[in-house]
Amino acid sequence: MSIPLRNDRYIKACLRQEVDRTPVWMMRQAGRYLPEYRQLRAEAGSFMDLCTNPELACEVTLQPLRRFPLDAAILFSDILTIPDAMGMGLYFTPGEGPAFKNPVRDMAAIKSLPIPDPNQELKYVTDAVSTIRKALKGDVPLIGFSGSPWTLATYMVEGASTKNFSLVKGLMYQDPMAMHALLDKLADSIIVYLNAQVAAGAQSLMIFDTWGGVLTPSDYQEFSLRYMQKIVDGLTREYDGQKIPVTLFTKGAGDWLDLMAATGCDCLGVDWTTNLADAKNKVQGKVALQGNMDPSILYGTEHRIREEVSKILASYGQGSGHVFNLGHGIHQTVNPENAGAFIKAVHELSPEYHN
């Protein structure tokens, strides 16, 4: 049996169980805003050198936990590990972000993509998960994650970051069968990948659908939500006698939260463009909610940060089922002291909502 969790607020909140205060963690909490991360990355040589070394990935994962009293750790990795393991030739250009040497843009290329074996091509990820889980010693739960099929597909078809999504939407509209074949293969790959993370020690799972919000409502259901539904249906939801909460996060999906809640996931991430009271009303108690402070608030004064935390706690209101987080990842130029002020405010202001 595994070591019992000393702090299980995050798991309980995801499952809408009672907690003494609102748990808090930050998307991208392990990363570039921390000077210790920047130093380690410089020593490692590159971002992928950090990701593919389980000991270094463990160290990066633990760095924010040494600074802040967070309620969860999240695996340090990248959403593009699966396409990279499919042989697409992932590389990073300074200032430009990720790119692929071998983008896929037709049915023949899509059919030739393998489904990566998490115990072979992606073993560095599962090794990192098991290394981090041991290092945490039951202090807080470990979140495993993947990008969503649609989000991974955008990078795979575009070949790099994009602002207008012309290539991926072009494929979607010109050859929907090819796009569905790609999304289906990605969903199968993600199911295997996330279940391997659970077997290696992940205690919760999150699917990041960064680009689902660029779709029309009907296209979102057909090309994004449909495949997240398939993943939710295929995931290990209980392991070693413990429930494994699953969180879905689509940036820009405030109007579709009810549809997302119907997938059977446990929790939904909400970005800062949606009021939590409205989100709570939309999901009708079916799921917990995570979010949703604008990351840019962390450029403000400590007073302004505390004021915003207070507003968001009040908008969710009394009761369980809220995981406090930013509405997206923390910006790399944020002062870590401001992140600390944010976390402190959640600790101090949230107990009154949990009587």
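Salt bridges, then: this model, which is a predicted one, has 16 of them. Let me walk you through a few.

I'd like to start at Arg9. Its side chain meets that of Asp20 in a salt bridge, with N to O at 2.6 Å. Where do the two partners sit? Asp20 is in the loop between helix H1, residues 9-14, and helix H2, residues 35-44, while Arg9 belongs to helix H1, so this pair ties together parts that are 11 residues apart in sequence. As for exposure, Asp20 is partly exposed, at a relative accessible area of 45%. Arg9, on the other hand, is buried, with 19%, and please keep in mind that the cut-off for buried is under 20%.

Arg9 also has a salt bridge to Asp71, this one at 3.4 Å from N to O. Here the link joins distant parts of the chain: Asp71 lies in the loop between helix H4 (54-67) and strand E1 (73-74), and Arg9, in helix H1, is 62 residues away in sequence. Asp71 is buried, and its relative accessible area is 0%.

Now, which residues make up the network around here? Arg9, Asp20, Arg21 and Asp71 are linked in a network of salt bridges. For anyone who likes the physics in one sentence: side chains of opposite charge can pair when their charged atoms come close.

Let's move along to helix H14, residues 302-316, for a pair within one helix. Arg304 makes a salt bridge with Glu307, and their closest N and O atoms are 3.3 Å apart. The two are three residues apart in the helix, so about one helical turn separates them. Both ends come out as partly exposed: Arg304 has 29% relative accessibility, and Glu307 has 34%.

Last topic, the cysteines. How many disulfides does a search of the whole structure find? Zero. Take Cys51 as an example: the closest cysteine sulfur, in Cys58, is 14 Å from its own, so the two are too far apart for a bond. Cys51 is buried as well, with a relative accessible area of 2%.

Then there is Cys267, where the nearest cysteine sulfur, that of Cys14, is 4.5 Å away. Why is that not counted as a disulfide? Because the two sulfur atoms would have to be within 2.5 Å, and Cys267 is in no disulfide. Cys267 counts as buried too, at 0% relative accessibility.

That's my tour, folks. Thanks for listening, and I'm happy to take questions!

Technical notes. Residues numbered from 1 in each chain as written. Predicted model: local features only at pLDDT ≥ 70, side-chain atom pairs only at ≥ 80, totals over all residues. Heavy atoms only, no water. Salt bridge = Lys/Arg side-chain N within 4 Å of Asp/Glu carboxyl O. Helix = DSSP H or I, 4+ residues; strand = E, 2+ residues; numbered from the N terminus. Buried < 20%, exposed > 50% of the residue type's maximum accessible area, 1.4 Å probe, protein only.
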